Amino acid sequence: MTSVGFVWKNLYRKKTRTFLTFFCLFIAFLLYVALGSIAVVFSIDTVSGELGANRLQTSAKYSMIDDIPKRYVDEISQLDGVELVTHMSWFGGYYQEPSNMLVTFPVNPSTFFRVYPEYEISDEHLSAFIETRRGMVAPLSIVEQYQWNVGDIVPIGSQIYPQKDGNYTWEFELVGYYVPEQEGQTAVLLQYDYFDEANAFGPGSVGWLAIQITDPQLGPEIAQKIDSMYINSSDPVRTATESEANRQFLAQYGNITLMMSGILIAVFFTILLVCANTMAQAFRERIAELGVLKTIGFNDYKLGLWMLSEAILLSVLPAIFGVIIGMGLLVGVGSSGAAAMFLPTPPMSVVFSTAISSLALAGALGVLVGAIPALTTTRMSIVDAMHA
């Protein structure tokens with residue numbers, strides 16, 4: 001029998017115990033991949049990227065749900081260092097059923113795609129969006145998901161804005177689609193002018209501004225200048241870089257990184273005890289057998305290495321399954337469009353880094369729980385083993 005075969009057979013000597021240990025570790029590493037990836041997303045800026053380095057966001061100072069006057073767009077556009085300003089509003093949209101939420105923004109088509117060049121749209125579709133009063137464009141993934149066709153009249157419900165007649169169901173004409181650079185961005189864009197004229201709350205307000213600046217180094221200076229312009233007005237604002245605005249938005253959920261880390265520490269401390277107990281029982285059950293193997297000439301260190309390999313295999317195998325299924329779940333969440341607000345789902349680079357660290361943790365856990373049985377095996381005399 002080979003060394004690998006020996007370790008494998010001993011691992012499944014007690015099938016029920018091994019399966020239960022395997023299942024506990026599988027769940028632990030599944031949680032590690034899922035929660036670890038979420039913690040990474042909430043701790044770094046995974047949204048803005050290089051293109052977001054020259055963008056600022058301006059919103060109401062005291063609450064993100066407050067609107068600001070649309071005239072701020074023209075006033076801020078006059079500042080030195082400001083190249084272009086566009087605006088967005090949170091529509092609170094859904095398709096067919098309120099539970100079927102759509103990330104939906106009324107925007108100015110003429111400026112939105114210039115400020116956000118990472119959203120690729122054809123000239124034909126952009127022209128139609130600009131010229132169509134009730135126009136709407138959606139990401140290609142959403143168009144395919146709902147089997148929409150260009151020219152369709154799509155009913156979009158709003159949980160916030162009724163029309164002037166009190167009807168919360170709006171009708172927009174799908175005039176095209178765009179392809180976002182990053183997967184998971186699922187914003188449906190509506191023609192702002194029509195929304196501004198038809199909503200019951202009255203015209204002249206927007207949710208927030210996206211400001212494209214000429215030099216990222218000027219960001220703090222321009223942000224301070226914008227805030228000071230309206231500090232004594234009835235609608236004061238706060239301005240930050242796009243990265244900082246995203247971080248502040250995510251921070252509303254609380255210290256997610258700390259919460260995820262606390263859960264994972266508790267889980268793995270428990271799993272460490274479970275694995276250590278499993279290996280201790282396995283070692284005690286075969287002390288006499290180890291004595292026999294030593295008697296017939298097996299090397300002490302080889303037997304110790306077998307014990308250590310068994311512990312590592314017991315930890316790494318369920319970790320591999322947990323990582324694969326955890327990554328699959330995250331990819332599934334991303335492809336389903338279950339993104340928070342306008343933020344994309346975690347990019348695969350984050351998932352891979354978490355997966356690699358989880359496999360390294362599994363190896364370290366195996367070494368830790370297998371070290372004592374392995375050392376005891378190498379130091380145990382034949383006489384002591386046979387008397388056990």
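Is Glu118 buried or exposed, going by its relative accessible area? Glu118 is buried, at 8%, where buried means under 20% relative accessible area, exposed over 50% and partly exposed in between (1.4 Å probe, protein chains only). Before the close-ups, keep in mind that this is a predicted model: local features need pLDDT of at least 70, side-chain atom pairs count only at pLDDT 80 or more, and totals for chains, interfaces and linings use all residues. Residues are numbered from 1 along each chain as its sequence is written, and side-chain values use heavy atoms, with hydrogens and water left out.

**View 1. Arg55 and Glu118 meet in a salt bridge.** A salt bridge here is a side-chain nitrogen of Lys or Arg within 4 Å of a carboxyl oxygen of Asp or Glu, and that rule gives four of them. For Arg55 and Glu118, the N to O distance is 2.7 Å. The two partners come from distant parts of the chain, 63 residues apart: Arg55 sits in strand β1 (residues 55-60), and Glu118 in the loop between α4 (109-115) and β7 (119-121). Helices (H or I, at least four residues) and strands (E, at least two) are DSSP runs, numbered from the N terminus. Like its partner, Arg55 is buried, with a relative accessible area of 1%.

**View 2. Glu75 pairs with Arg71 in another salt bridge.** Their closest N and O atoms are 3.0 Å apart. Both residues belong to helix α3 (residues 71-77), four residues apart, or about one turn of the helix. Glu75 is partly exposed at 31%, and Arg71 is partly exposed at 45%.

**View 3. Glu197 and Arg133 form a salt bridge too.** Here the N to O distance is 2.9 Å. Glu197 lies in helix α7 and Arg133 in the loop between α5 (123-131) and β8 (135-139), so this pair ties together parts 64 residues apart in sequence.

**View 4. Phe19 and Phe23 stack their rings.** Rings of Phe, Tyr and Trp (its six-membered ring) pair if their centres lie within 6.5 Å; planes under 30 degrees apart count as stacked, over 60 as edge-to-face and the rest as tilted. With centres 6.4 Å apart and planes at 20°, this pair is stacked. Both rings belong to helix α2 (residues 15-43). Phe19 is exposed at 53%, while Phe23 is partly exposed at 44%.

**View 5. Trp170 and Phe172 make a stacked pair as well.** Their centres are 6.1 Å apart, with 10° between the planes. Trp170 is buried, at 0%, and so is Phe172, at 0%. Both belong to an aromatic cluster that includes Tyr161 and Phe195.

**View 6. Step into the largest nonpolar core, with 39 residues.** A nonpolar core is a set of buried Ala, Val, Leu, Ile, Met, Phe, Trp, Tyr and Cys residues joined through side-chain atoms within 4.5 Å. Ile76, Met136, Trp148, Leu209 and Ile211 have the most contacts inside this core. Helix α7 (residues 192-198) gives the most to it, with four residues.

**View 7. Ile324 belongs to a nonpolar surface patch.** The patch covers about 540 Å² and also includes Phe321 and Leu359. Patches use residues with over 30% relative accessible area and no salt bridge: like charges are joined within 9 Å, nonpolar side chains (Val, Leu, Ile, Met, Phe, Trp, Tyr) within 5 Å. Accessible areas come from the Shrake-Rupley method with a 1.4 Å probe; for residues, only the protein chains shown count as cover. Ile324 is exposed, at 55%.
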